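Got your viewer open and a selection box ready? Let's walk through the packing, one pick at a time.

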Amino acid sequence: PNLAGTLHKNARGRILLHSPATEASPMAAAKPVAGTTNWTRDGTGFTWDLSKEQSEILDKFIVDAKDHLERIKFPHEPLREAGARFLRARKYDAAAAMAMAEASHKWRDEAKLEDHATVPTEELLGCPVDELNAFYPNVYLPVLDSHFRPVYMERTGRIDVPALMCSTGQEGLLAWHKKQLVTTTPLKLANATKARTDGRVVNSSTTIMDMEGFTMGMLMGATKEYLGKITSMDSDNFPETLGTTLLINTPTIFSVAWGIIKGFIDPRTQAKVKVLGTNYHEALTELMGGPDKVPVEYGGTLVVPGIFASTLNTKAVHAGKKHSVAIRCSAGQGMRVRWISDPADIEFTVVAITGGADKLSAVVLDPAKHAEESGATVVYPKQAHPNSKTVTVQCRVEAADVKEETVFVATWDNSAGWNQRIVRFFAGTLPTEAEAADAYAQELEEHGIPTEQAVKALRERGYAAKASEVEAAAAGASAESSSADSGAGAAAAASAAATAAE
C-alpha cells in the first residue's frame, strides 16, 4: 500500500515498478508513437527496459547508424547506449533518429568540437574563469545524486546578464559551452558510470537551478538568444542527457509562467523538470539521496569549499571621492585590473611604483596616498569613461614581465561627479611563465585530456619544459604499473607451480 507507483508486466513478462522517483518515469496520458506499440507500458526505451519491438528497432539502428554513432557518442558509451538515446529522443522512430544522428555527425565535424578541448578556458571566454563564475555562479557538486548522476548547480537568479555580456559576450559563452560538452561532461559521466555497481552506463546528469532573484527580464534580448542557441545545440546533438532538472526558490511569477509554458513541452521533458518554491528541501534531499549530499547552503550537511566563491570586489565611490587599490608584484609577474562601473562616467588611472620593501609596504597599506606621488610611472593615463547606452565599461590593464618588485596602484576618481558610482572590479597578479604552464597542465588533466594530446598542446603553446615533465611523469607511472603487473603475474605463476607440485 505504500508503493508510490504501479506494478505491471512488460512485453517480456518482467515485472516493473514505475514511479516519479525512478530514472525513467512514465508519461501521464501517453499516446502510442511511431516504432512502438505502447511507449510507456511495454518499455521506457532504455537499454535495460525495452519492449520486444524496441529491442528489434535498436538492434537494426546501431548497425545502420554505426558510422554516425561512433563519431557522436560519449567515449565511455557503448554504441547500444548511444543508439538508444537517439531513438528515445525520436520516440523510437528509426528514420527520424537516423536523420538526427546524421545531422549531429555533420555538425560535430563542421563545429570542430574537439578543437575546443585543449584551448585554455580563459582564451575561449576572453576573460578569466573567476570573472565568469562571479557573473554566472555555477559548479559541479563533488557527489552523485541518488541515481548515480553528476550534479550541476547554478544560481540562475544571480546571473548578471549585462556584466556577463560585457565581460565575455555570447560567442565566448558558446565556445566555453562547447568545451564543456567535450571535456567536463564526458569525464563526469564516465566517472559516474564507474561508481555504479550494477553495470549500467550513466549518460545523463542532474541540474539544480536556484532561481532566487530571477526576473522575467533575464529571459529577454541577448539572454534569450544565447539560451536558444545552447538549448538547440544540446537537444539536437546530445539528446536524452538530461536526467532531472530541479528549479528551487522559484518566484511566483516564474511558477505562473511555467504553468503556461509546460503545455507546449513534450510530456517526457515535462516529467524531468520540477518547479519548486522555497519549500524544496524534502524534494532536493530525496533527489540527492540524503542530506549528506546537499550543500549546507541549501539545508544539507555537505561542505563544498569555495562553492560559488568569487574575487569580485564592489565599491561605492561617492561624489567628490576616489578609491584606490594596490597590486604588489614580484619579478616575473604582471598585473591585471578589469572593472565595470554603473553609471560609467568615472575617471580611471594606473601608476607603477618601485622601491625598497618599506616603501612598497607603505604603498600597499595606503595606496590612495601614494597613487600620484612623484616618481610614479603612469601605466594607464587618467581618462574619463563617459556614459554610454549600455552604461557599462570594462578596462583591461596589464603589465607583464615585471623586472623588479613593483606596486601598481589603480584609482577610480569620482571627484567631478555629482552622484556615487558603483564600481565592480577584479584586481590581481598575472602568473609567471612557469605558473602559467602549471595551471594549463592542471586544466588539461582535470578535463581528462590524454597524455599524448596534452603534451602536444603544451608544446604548441611554448611550454616545452612542462611538456617534457608531463611526458616523463606519464612514462614513470606506466613503468611502475607494468612492474606491478609483472610482479603480480610472477606471484600467480609461483602459486600455480606450487599447487601443481603438491
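**Stop one: a leucine and its contacts**

Select leucine 173: setting aside neighbours within four places in sequence, it is in contact (heavy atoms within 4.5 Å) with Leu132, Tyr136, Leu164, Met165, Thr168 and Tyr226. Before you go on, note that this is a predicted model, where local features need pLDDT of at least 70, side-chain atom pairs count only at pLDDT 80 or more, and totals for chains, interfaces and linings use all residues. Residues are numbered from 1 along each chain as its sequence is written, and side-chain values use heavy atoms, with hydrogens and water left out.

**Stop two: the cores**

Now add Leu132, Tyr136, Leu164, Leu444 and Leu458; together with Leu173 they touch the most other members of the 46-residue largest nonpolar core. Such a core is a set of buried (under 20% relative accessible area, 1.4 Å probe, protein chains only) Ala, Val, Leu, Ile, Met, Phe, Trp, Tyr and Cys residues joined through side-chain atoms within 4.5 Å. Elements giving two or more residues to this core include helix H6 (129–135), helix H7 (161–167) and helix H8 (169–182). H8 gives the most, with five residues. For a second, separate core of 18 residues, pick Val143, Leu246, Leu302 and Phe308, which are among its members.

**Stop three: a helix pair**

Show H16 (residues 433–446) and H17 (residues 451–460): their axes, lines fitted to C-alpha atoms over the stretch in contact, come within 10 Å and cross at roughly 150°. That makes the two helices roughly antiparallel (over 145 degrees between N-to-C directions). Finish with the side chains of Ala437, Tyr440, Ala441 and Leu444 in H16, which meet Ala454, Ala457 and Leu458 in H17.

Notes
Axes fitted to C-alpha atoms, helices over the stretch in contact; angles between N-to-C directions. Helix = DSSP H or I, 4+ residues; strand = E, 2+ residues; numbered from the N terminus. Parallel < 35°, antiparallel > 145°, perpendicular 65-115°, else oblique. Buried < 20%, exposed > 50% of the residue type's maximum accessible area, 1.4 Å probe, protein only.
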